[in-house]
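Here are some short exercises for you to try with the model open on your screen. Have a go at each one before you read the solution.

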Amino acid sequence: MAVSIAKCLRADACVLLLTLLLRPAACGDIAAGATSGDAPHRRFEYKYSFKGPHLSQGDGTVPFWVHTGNAIPSADQIRITPSLRSQQGSVWTKNVVKFEHWEAVVTFRVSGRGRMGADGLAVWYTSGQGLTGPVYGAADQWNGVGIFFDSFDNDGKKNNPTVLVVGNNGKLVYDHQNDGTTQSLGTCLRDFRNKPYPVRAKITYYKKTLTVLINNGFTPDKEDYEFCTRIENMIIPVEGYFGISAATGGLADDHDVLSFLLFRLTEPGQQLMPKEEKDKYQEEFENFQQELDKKKEAFQKEHPDVQGQAIEDLYESVNEREIRQIFEGQNRIHLEIKQLNRQLAMILDEQRRYVSVITDEVSKRGTQTQSGQPPSQDTDALMTLQRDVLNNLNDLRNTFSASLKQISSAQQLQHGSAGGLGTYETVQHFNDIKEHLHVVKRNIEHIIQKNSGPGEKVKCPELPPMPSCLSTTHFVVFVVIQSVLFFGYIMYRSQQEAAAKKFF
């Protein structure tokens, strides 16, 4: 017993050591191949792929795929098997794969409550659809290759969960008792159960070389792959089907597949599409064009009143829509600035009346005091502060007036130009508006600093009661609130305009 355990530990240590030694070299080769000029061209094949959020149709089917057994498609994933005992399920492509080189990216999640799970999940490329069977829910004695994510330790060697690549020519029976280790062409130890993020497997078959990369699901980075195994001089069927299957036994896990993305790989210098397929698509396009011409003629016969007018003129172009949205946004900003300008004019008027009342009161007290007596320092400081406030408010009003003129000129330019305002001119107008608004902000900050400095030490003289006097503190608070609301509105509108432009 002790000798067998020691042999197992020694074998596991050798496998781990080889994995650590080969992984950097293999990853370096793959990275070098990806960056070199010999990197293949990738073309996405939607007829052999699926992903959310609208994965399944209303009748529960998946486009271009067929599911069997206990597989349950949903809007964002396919549950190959639920966490119940003795369940089997699979999904297979309906169309035959006829291209020589390919790359499949499978995103899945295996989760369960137990410390151990069963049985596992498999990704297939076979000459026929193995809809049901004893090998992870698919048929045995397949002709092709299977990548197995085995989570149950049948042989008791404590080397699970593991990833195995097993090939078959249609005559071999899968060795369940030894977890397929006697038939595997490549393997690596990877724990893919109960990970915080979905696990990703990138399977590449290019120039008779099968490469398997694994993302363990510890980070949200989708491209954080680690080398698992690579098999060279591997021969697989020229035509076949892709499939994903899973099975549970005495223990059970949820086997969920979130997406299966397939890419056709083409060697550099070759055509991305075969001539036969290109001719087929060209014929389909010509037939569609003929049907469209017939529908146009029928529409013109049914609607003779619009024959002289082009159909494209009835719809708004992308440039016209963008110009209209810019104009509407500038118009709203123009109205808001005009409103703020009127409010500032009212504040200036109140401030002038306040200064005039203070001046009259000071002149009255000056006549009552002794002749030749200089005015108090508090009164001088108060008068200076009020003059600064008036000057700053005048600057603020001039800034708003300049902004109004800038926006008005932009609107006139938009109305007058037939082709619409260019992108560069639009950006320049908005930059000018932002500069004016920054000047407004600096003027308001200057007002606040002036009021917070000597305003705290100066004691205003006692004045007779007035019907509606606006104090300096209330004025500053009002200006600050109006400024915050104005800048908040400007930021909100700019975000709305940016969000709207993303769709065009």
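**Exercise 1.** Find out whether K207 is buried, partly exposed or exposed, and then look at its phi.

*Solution.* Start with accessibility: K207 has a relative accessibility of 46%, so it counts as partly exposed. (Buried means under 20% relative accessible area, exposed over 50%, and partly exposed is in between, with a 1.4 Å probe and protein chains only.) Next, place K207: it sits in the loop between β12 (199-206) and β13 (209-215). (Strands are DSSP runs of E with at least two residues, helices are runs of H or I with at least four, and both are numbered from the N terminus.) Last, phi of K207 is near 55°, a positive value in a residue that isn't glycine. Most residues other than glycine have a negative phi.

Before you go on: this is a predicted model, where local features need pLDDT of at least 70 and side-chain atom pairs count only at pLDDT 80 or more, while totals for chains, interfaces and linings use all residues. Residues are numbered from 1 along each chain as its sequence is written, and side-chain values use heavy atoms, leaving out hydrogens and water.

**Exercise 2.** Explore the loop between β9 and β10 by looking up K158 and P161.

*Solution.* Take K158 first: its phi is positive, about 60°, although K158 is not a glycine. K158 is exposed, with a relative accessible area of 72%. Now move to P161, which lies in that loop too, before β10 (162-169). The peptide bond joining N160 and P161 is cis, with omega about 0°.

**Exercise 3.** Describe how β8 is covered and which strands pair with it.

*Solution.* Count first: seven of the seven residues of β8 are buried. Then check the two faces: G120, A122, W124 and T126 are on one side, and L121, V123 and Y125 on the other. Now the neighbours: β8 pairs in the antiparallel sense with β9 (residues 143-150) over seven bridges, and with β15 (residues 241-247), also antiparallel, over seven bridges. (Two strands pair if DSSP finds at least two bridges between them.) Finally, pick out partners: W124 stands opposite G146 in β9, and T126 has Y241 in β15 as its bridge partner.

**Exercise 4.** Work out what UniProt's record says about residues 473-492 and check the chain there.

*Solution.* The unreviewed UniProt entry places a "transmembrane region" at residues 473-492. In the model, that stretch is 100% helix and 0% strand, and its end C-alpha atoms are 28 Å apart. (UniProt positions follow the numbering used here, feature names are shortened, and annotations may be inferred rather than shown by experiment.)
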